[in-house]
Amino acid sequence: MHRGHGFIFICSLFSLCLHLSVQAQATRAWPLHTNYIARNIDNTNGLDCNDVLAIIQDHRGYIWIGTKTGLQRYDGLRFINCFDSTVNPRELIVSNLYPDDGHARVLYGQPDGRLREWGFLHHAPMEITRQSAPGQDLIYRDEQNKQWLFRIIWVDSGKKDSSGLVLVREPGQELEKQGYFITDKTHHQTWLLYPGRGLLLWDNIQKMLLPLPFPVNPITIQGMMTDSHGNLWLNSWSFEFYRYHLPTQKLHAYSLADILMQEGNKNTLPVWISSFLEDNHGVLWIGTGQAGLLQYDYAADGFRFLLRQPGNNLHLQYTDQINTIFQDKEENIWFGSDKGISIINPYRRYFNVLSNQDTTDPSKVVSDIVPAALIKGQLWTGSWGGGIKIYDTAHHLKKHFFFKGKYEQNMIWCFLEQAGDSVWAGCQQGLLHIIAPDGRVRSIQPAETEGRTIKVMVKDKTGNTLLGLHSGKIIVYDAALNVFLPYNMSSQPSSYRLAPIESLFVDDQGVCWAGTTLGLAEFDSRKRTFVACHTPHKGVGVRCWGVYPYQDSLLIVGTENDGIYFFHRRKKTFSRIPVNEEQSHWSVHAITVDSLGKIWFTTDFTICCYDPQTKKCFVSQPETGLIKSSFQSAYFITPSNGRWMTCTSTEVVGFYAHQLWALHQKTAPVNITGFKVFTRPFFIDSTLSRREPVRLSYKQNFISIEFSNLAFSGILRTKYFYRLEGVDPDWVYGGSRGYANYTNLPPGRYTFRVRTENALNNEGAAAFQISIIAPYWATLWFRVLVITATVLFLLLLVRRHYRTLRIEADMKQQIANTEMMALRAQMNPHFIFNCINCIDALIQNNDKYLATMYLNKFARLIRSILDSSRQNTIPLTRDLEMLQLYIDMEQFRNEDKFMAEICVDEGLLEEDCRIPPLIIQPYVENAILHGLRPRQDSAGRLSIRISREGEHLVYRIEDNGIGRAATAQKASHRSYGMEISRDRVNLFNKQEHIPVVITDLHQDGRPAGTCVQVSLKIS
């Protein structure tokens, strides 16, 4: 942990004065030449504080970081602050961390020596005391026979020796402090590092405090560690540190001052050792204050040192000191310093770069690298203005060609190895350098280039060389004739447009395909002209970069902002390869195919591998800051040693394709790392550990789920797919952002699943359930209760309604019967009055026979009316009998002044048709009295026709009387019988609108009678 320089200086002097008997041997040191590539994290990436004091990893894969402002958890994508609100802000410093996975917690000490824990599952801090910790006290005694109490809290399962944390109750002290112990099982001794007392040694048999076996002031010791060689390493507050070999019990002292002198820095005091780490390859790393990073060489008993490189963002970052060193499960080594975190991986270097850097400032690039070629095991690179450089396989510069003269001679665009081991280098303005095996250079400028840049060169099957120019033309060098042949403009199709050439490829049929800025152009080498230009979109030019063969008749074509395509050489058509479909505009530059048929290509900043069999694409990205510009080369260099290369605008990038493929094949399990309701964290770790659903209320239906595969290499661009069953019908592509958002989720039970792209059959996928509890008014029991109450209420309403309807029906029936009786009572006196008038007239005329006959018929009619008066309906035949009696009486009374006939359709008399009695009698009476009687002659006719039309019985009463107009002039009274009959018809038809239709008849324009149509609804 960082201390004030004054305090360290005092301790250093104190140590020197007290321990002159401990002589430090001559410490040997030499530079560590390995150029590690570091990925750096600081507060701009989410780190809470740049002064990082401790780093560990728990069994789940999370990285825990202790800083001067507290504790953080890191999942590779996000930091989560573990804020301890129970301590004083000055005590938030977390200077050491220990992963107690067995109890799902992280242990950490406070500045005053107390021990605290942070629970994984409950996200809460707690102080650890002897009373709260399980186990029994171990009792030791010091030289004054005073009792010390030890309670073991944690034992490091990752160490071969017995080491861990212990709570110590010192004699005379009430505060229990935490100490770190290492047990020497061979000698039955325990080394204890304890606040305020420094290094203590205890005898495990006698349970007694022992003096240190070497003359070192114990108070100056502030850290210790054992390695796999049986050494106990001790670092002090001074520039001295020690290696105590436990088997032989020999002490070796080392001096940082000696190392500083060999670094060339003589005046950087005070200095100190801050941390040790032995990685899984047996390499011992040592972090220092003011002296950089050290590696211990066991064979030479010396140290290699690595210092920071100012301005180099890819190098180890620190201002004064490296506080802590840690190695994770991926073999990444983390360095916590006063400038954040630097991460390197000495054993899995997936990418390396070569650029024209300034030797005084490695972060600066002198000139851009354009082409690169591997020629006879040597790497040839060209640049814009820097000439040609040749490197060996270790990227050591072997030769540099710089041409003094025109600047364009040093603007190199392409290389091609020719017969006789000579090398051609194409340059700006059509210049061509021909470099012989002995290093002699001959520069020419063929007139056929027309002074245009030679961008790319390739050989055809006959050994001739095709040179693609920036002007869009291709010239041919005939090797047999040793001449350059110009582009044949006269044979070029009139529709073809020349465009700058980016790449050339000659297929097995001898056809040359050129990637141009307007499309894929087809070049005829014999005619020396282009014959066609093909584009994925008709009529729209697309810039084509790399071109590579695939199978028999396919080419793979990379485009700018339009992805990657298969080109069918015979059909001359394009088909898009389904890669990165979620992004509408993306570019593909270099393309190649490996021995397994997988397609490798570069985008602007990534190297991708597409497997046509599984339709999956794996993306690798060089560490942030490793490359300073986007990929530009249209070619891969794929030598047999396995390290492939391609170029950006500023560097050559090398990588091992099989390592990247193997890295992607490892399916790292996905972890649910965070959960938010709206924007507030909602901790669910304990719920997930119990495999219970996450329960939310209906108001907590805006959620965000965070996830990560806890990978920290920095080169993988992991693609996630997630699905919320019940919401998402299929897997949703989540990219590499590592979270999913859902809004306004309805109450219900859901299952969330997330996996990476290369996970098969949900291997390594994470899943958990979410239960959103519905409000009480939306629950099943409440709905059942409401439905039951509603049904009961409706039943009561229906019952009441039926009761009301029944009462109303009874009343209507009574009213109808009353009305019918009243109507009959109104009709019958009217009819009887008329009949009595007829009988009276006969008596006045002293016609006894007719009076008697008429009276008999009248009596029969009255009897029939009386018989039917108690019935609403009577049979049709009976009604016709009464109607015939009435007509007979009217004919007799009118001295046979008219003829009457009743016609009934066949079948009606056989049916049981029931009708109101004498329903049409008033209409018949009206026809006789007001139509036929006023006629001056005896030619009156009355016709009554009865027929069935559907559900209706239709009466047609037709007379040839004087008509309604003449009758209206003579009439002086209202016809109540007609109104009563119309009301009776409406009542019988149940108020259905079936009108009584009265039609005036005419003949030659004069009234000729009346026709009345009455319809009765019968069933």
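Start the tour at the four strands β7, β8, β9 and β10: they make an open sheet, in that order, with antiparallel pairing. Keep in mind as you click around that this is a predicted model.

Now color the two edges of the sheet, β7 (97-100) and β10 (125-128). Each has a single partner strand, so one side of each is left without a neighbour in the sheet. Turn the view and follow the twist, which averages 30 degrees from one strand to the next.

Next, select residues 115-119, which are strand β9. β9 and β10 pair in the antiparallel sense over four bridges. For one of these pairings, show Leu 115 and look across to β10, where its bridge partner is Ile 128.

Jump along the chain to Trp 777, in the loop between β65 (766-773) and α5 (780-844). Is Trp 777 buried or exposed? Neither, quite: its relative accessible area is 46%, so Trp 777 counts as partly exposed, a label for values between 20% and 50%. Add Tyr 776, Trp 781 and Leu 785 to the selection, and with Trp 777 you have a nonpolar patch on the surface, about 510 Å² of accessible area together.

Last stop: the largest nonpolar core, with 45 residues. Show Ile 920, Val 924, Leu 942, Ile 944, Tyr 955 and Ile 957, the members that touch the most other members. Then bring up the elements that each supply at least two residues of this core, among them α5, α8 (921-932), β69 (940-949) and β70 (952-959). Finish on α7 (876-893): α7 gives the most to this core, with nine residues.

Definitions and conventions. Residues numbered from 1 in each chain as written. Predicted model: local features only at pLDDT ≥ 70, side-chain atom pairs only at ≥ 80, totals over all residues. Heavy atoms only, no water. Patch = residues over 30% accessible without salt bridge, like charges linked within 9 Å, V, L, I, M, F, W, Y side chains within 5 Å. Areas by Shrake-Rupley, 256 points an atom, 1.4 Å probe, with all protein chains shown as cover. Salt bridge = Lys/Arg side-chain N within 4 Å of Asp/Glu carboxyl O. Buried < 20%, exposed > 50% of the residue type's maximum accessible area, 1.4 Å probe, protein only. Pairing = 2+ DSSP bridges. Axes fitted to C-alpha atoms, helices over the stretch in contact; angles between N-to-C directions. Core = buried A, V, L, I, M, F, W, Y, C linked by side-chain atoms within 4.5 Å.
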